[in-house]
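Reader: Hello! I am new to this structure and would love a close look at a single part of it. Could you walk me through one strand and what lies around it?

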Amino acid sequence: MTATILEKYGETRLPRYTSYPTAPRFSPAIGTGAYGDWLQQLPGNDPVSLYLHIPFCRSMCWYCGCHTTITRQDRPILDYLAVLHDEIRMVAARIPHRLPVGEVHFGGGTPTIVSPAEFLALAALLREHYDFSDTTGIAVEIDPRRLTAEMALALGAAGVTRASLGVQSFDPVVQKAINRIQTQKQTAEATDNLRRAGVSGINFDLIYGLPHQTVQSCIDTANAAMAMLPDRFAVFGYAHIPSFKKHQRMIDEAALPDGAARNAQAEAIAETLTAAGYRQIGLDHFALPGDDLVQVQEAGKLRRNFQGYTTDNCQTLIGFGASAIGRMKDGYVQNEVAPGLYAQHIASGQLATAKGYRLTAEDRLRAEIIERLMCDFSADVGAICRTHGVDPSALLAGNGRLNELAADGVVTIADGVVRVSREHRFVIRAVAAAFDAYIDQSNRTHSKAA
């Protein structure tokens, strides 16, 4: 990638496009009433996905962009779990029939901060109100430093099929700079315990662009992580937004790499993983041949949602917990972010919805184009528009952003098909933004959920 393209289209402040429209477009105009109506209208035969947010950690990682609270005590966690149980029952009561479940994702925070018995009770409550099958996927985000052998066994007993372990970097200098000291031994032991418990799917998360990080330290981390044989990697760029996440002010900005160095780190990790046999999935995921992600990508059916690239093709996502986002046929809803406000809603017998967004026909069209670009690095805009009953020229003609990308050689446009050149895939979000009707109206600083 040329320095000019990188400088012009650097995308650290563009959305990740895990949804469209993105979270900054959500409004209090969509509240508990709309969400209640949408729940009642859910069809009984379509599988849904469930997301449960556990917003607690024992210590703060200074790079973190998640909604989480630091607690040394168990009481706030126990109180929160009681509210979460009540919300699960309340939402189930609003749905006129039991729904089949395709996927479940426990996110955080640190979901495994709860005790083994508490996790098993939470999983049992979900099964009490929803229909699980042998093909239901259950994924959990894990901090390897906090995972006990007993908790690993509980995850296996609960039917967890995939664990996503935060690694970030094994460089001790970087770890000190981000307040996350995590040894390779801790990570290997957590991975071994999970596999012994029957959790066969293992993901590792890596981050580039961290303070004091170098290309060589990124390569060394990737090699050390691959020695543990995870099925998948997710490789993210650190987004430094101290005005939004105040704990990031603890990071020395002078130690952060510039755009060219960030790009070199990302490319070095990608080259290291692909040289070892991992297939690149979309912008920032990697998977071993034969993995479900590879299969759906080859079939042109890769999806993108709030967890990134996924095989999940459920049209409905029900979110539980503070800050959790749900996706219905008609739009998005998000719960109150602050655990206290979330608890107040549930205690009053109301759904915890704080804001949301009602999708328009144009939103659905643009969302499909953006998803295909993010997943395939190409989109047949003409064909997609025709399925929506729209003239493609409405999105292609006079599209200044897209024309500029084409003039710079980032994309080609032929017969209504937009393709991103291989050497410029790193700026795919800039291409997606060319089809974002709201990009000039929104603050370009986005949270993890954007």
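Author: Happily; what follows is a look at strand 5, its neighbours and a cavity beside them.

First, a word on the model. It is a predicted one, in which local features need pLDDT of at least 70, side-chain atom pairs count only at pLDDT 80 or more, and totals for chains, interfaces and linings use all residues. Residues are numbered from 1 along each chain as its sequence is written, and side-chain values use heavy atoms, with hydrogens and water left out.

Strand 5 covers residues 137-142. Helices (H or I, at least four residues) and strands (E, at least two) are DSSP runs, numbered from the N terminus. Six of the six residues of strand 5 are buried, where buried means under 20% relative accessible area, exposed over 50% and partly exposed in between, with a 1.4 Å probe and protein chains only. In a regular strand the side chains alternate between the two faces of the sheet. Here both faces are covered: one side has Gly 137, Ala 139 and Glu 141, the other has Ile 138, Val 140 and Ile 142, and all of these are buried.

Now for the neighbours. Two strands pair if DSSP finds at least two bridges between them. Strand 4, residues 101-108, pairs with strand 5 in the parallel sense over four bridges. Glu 103 has Gly 137 of strand 5 as its bridge partner. To get from strand 4 to strand 5, the chain passes through helix 4 (residues 116-129), and this β-α-β crossover is right-handed. That term applies if, with the strands pointing away from the viewer, the path from the first strand over the helix to the second runs clockwise.

Strand 6, residues 162-168, is also a parallel partner of strand 5, again over four bridges. Glu 141 stands opposite Ser 164 in strand 6. Between strand 5 and strand 6 the chain runs through helix 5 (residues 149-157), in a β-α-β crossover that is right-handed.

One residue of strand 5 leads us to a cavity. On a 1 Å grid over the protein atoms alone, a cavity is a set of points where a 1.4 Å probe fits but cannot get out, while a pocket is an open set with protein on both sides within 12 Å along at least five of seven lines; lining residues have an atom within 4 Å of a point. Grid points are joined across faces, edges and corners, and a volume is the space filled by probe spheres set on the points. There are three cavities of 30 Å³ or more, and the second largest has a volume of about 50 Å³. Ile 138 is part of its lining, together with Val 104, Phe 106, Phe 119, Ala 123, Leu 126, Phe 132, Ala 158 and Val 160.

Strand 4 and helix 4 each supply at least two residues of this lining, and helix 4 has the largest share, with three. By class, the lining holds nine nonpolar, no polar and no charged residues. In this count Ala, Val, Leu, Ile, Met, Phe, Trp, Tyr, Cys and Pro are nonpolar, Asp, Glu, Lys and Arg are charged, and the others, Gly among them, are polar.

To gather the picture: strand 5 pairs in the parallel sense with strand 4 and with strand 6, both of its faces are covered, and its Ile 138 helps to line the second largest cavity.
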